Amino acid sequence: MKNPIIVIIKLYHLSNYLVDGKRGFRQKFKPEDDVEPLCPLFPHEWPPEEIERRLKGDDIIPDVIPCSPKYVINRMTKFLGVIILILWFVNVGVLHSFITILWYLATQVTYIPGVTVYFGNKLEPEELKKEPVKCGWPVTPGHNYTLMLTGADDPSVANHMNREFLQWLVVDIPGSDVLKGTTIAKYAPVMMPPDTGLHRYVFIVYEQPKVRPKWHEPPIHDFNDGHRVKFSNQKFSRKYNLGDLYAANYFHSEPDPLEDDDFGPSIYEKRANSRRRRRE
């Protein structure tokens, strides 16, 4: 049995290390105007009114979702929190950086190490070619979930006639284990024509009813598949009785004209030609 005083001291040090880790990430994600945020750093710590304010500020509400979600993707799970505490009691000195990394990974949608979705941060298209390696949310035991990623500004911010563009759709996810879900729309790399503005991309999660829906959706593999355009997450939810929005997160991305001039227009020309052939 550990001495209670030692336990208290270790908990005190743990809190300091977590604060140090958060301070480092606060510096990394500090706003451009260099103003220290008034709310807690991580979205899962924000009060509901702050989450709603962010979503409305970027017009995610009402352009993509009708209201603020119940949860934020991601938030630290109790299991991971317990693991951090156990590891801390095992060894004090070695785990300083490791705890910081765990804290970081536990609170973000992660594409690759260092590339995370942070409620409106900006990511480069080059970093978004493959689906996230980590994406989770609070779960209810015995429930499955539906995860989707949609683009709000296709083909451009000024002319978003294809809203929403379905980037990714996975259903029947047990808990938050996306790899065990059923993919309806294969992940499409984030691409956009040059000089089309700062695009918004939204991760959306719905909690499925206990009776598994019978899906009547064609599988989507190709980036140019016409079923990706003019998708509506809200209509999809109503069609399969998924209920209210469960969790969400979002990011921005903008094309680099110097890099995208070679392939951006051709992608959209192929998509237009594909739609033209179907009409014929």
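**Exercise 1. Burial and overall make-up**

Work out what share of the 280 residues of the protein chain counts as buried.

*Solution.* Start with the cut-offs: buried means under 20% relative accessible area, exposed over 50%, and partly exposed in between, using a 1.4 Å probe and protein chains only. By that yardstick, 46% of the 280 residues are buried. Next, the surface: the chain exposes about 14900 Å², with carbon and sulfur atoms supplying 57% of it (areas by the Shrake-Rupley method with a 1.4 Å probe; for residues, only the protein chains shown count as cover).

Then the secondary structure. The chain has 8 helices and 9 strands, taken as DSSP runs numbered from the N terminus (helices are H or I with at least four residues, strands E with at least two). Last, the contacts, meaning heavy atoms within 4.5 Å: of those with a separation of 6 or more, 72% are between residues 24 or more positions apart.

A word on the ground rules. This is a predicted model, in which local features need pLDDT of at least 70 and side-chain atom pairs count only at pLDDT 80 or more, while totals for chains, interfaces and linings use all residues. Residues are numbered from 1 along each chain as its sequence is written, and side-chain values use heavy atoms, with hydrogens and water left out.

**Exercise 2. Confidence**

Find the mean pLDDT of the protein chain, then look at stretches where pLDDT is below 50.

*Solution.* pLDDT is the predictor's confidence in each residue, from 0 to 100. The mean for the chain is 76, and 63% of the residues reach 70 or more. Over residues 103–107 the value is below 50, yet this stretch has 23 contacts in the model beyond near neighbours in sequence. Residues 259–268 also stay under 50, and the model gives them 16 contacts beyond four places in sequence. Go easy on such contacts: where pLDDT is low, the predicted coordinates should not be read in detail.

**Exercise 3. Around Thr-146**

Place Thr-146 in its strand and describe its surroundings.

*Solution.* Thr-146 sits in strand S5, residues 144–151. It counts as buried because its relative accessibility is 0%. Its side chain makes a polar contact of 2.8 Å with the side chain of Gln-208 (a polar contact is a pair of N or O atoms within 3.5 Å; within protein, one must be able to donate a hydrogen and the other to accept it, and residues adjacent in sequence count only if both atoms are side-chain atoms). Setting aside neighbours within four places in sequence, the residues in contact with Thr-146 include Leu-169, Val-171, Tyr-206, Trp-215 and Phe-236.

**Exercise 4. Aromatic pairs**

How are the rings of Tyr-201 and Phe-251 arranged?

*Solution.* First the rule: rings of Phe, Tyr and Trp (its six-membered ring) pair if their centres lie within 6.5 Å; planes under 30 degrees apart count as stacked, over 60 as edge-to-face and the rest as tilted. The structure holds 15 such pairs. For Tyr-201 and Phe-251, the centres are 5.3 Å apart and the planes at 15°, so the pair is stacked. Because Tyr-201 lies in strand S8 (199–207) and Phe-251 in strand S9 (245–253), the pair ties together parts 50 residues apart in sequence. Tyr-201 is buried at 3% relative accessibility, and Phe-251 is buried at 0%.

Now try Trp-215 and Tyr-240: centres 4.7 Å apart and planes at 55°, so this pair is tilted. Trp-215 is in the loop between S8 and helix H6 (233–239), and Tyr-240 in the loop between H6 and S9, 25 residues apart. Tyr-240 is buried too, at 6%. To finish, note that Tyr-111, Trp-168, Tyr-187, Tyr-201, Phe-203 and Phe-251 form one aromatic cluster.

**Exercise 5. Backbone oddities**

Locate the residues Phe-119 and Asp-172, and the cis peptide bond from Asp-154 to Pro-155.

*Solution.* Keep the background in mind: most residues other than glycine have a negative phi, and most peptide bonds are trans. Phe-119 has a positive phi of about 45°. It sits in the loop between strands S3 (115–117) and S4 (121–123), and is buried at 3%. Asp-172 has a positive phi of about 55°, lies in strand S6 and is buried at 9%.

On to the peptide bonds. The one from Asp-154 to Pro-155 is cis, with omega near 0°, and Pro-155 falls in the loop between S5 and strand S6 (165–174). The bond from Arg-163 to Glu-164 is also cis, with omega near -10°; Glu-164 is in the loop between S5 and S6.
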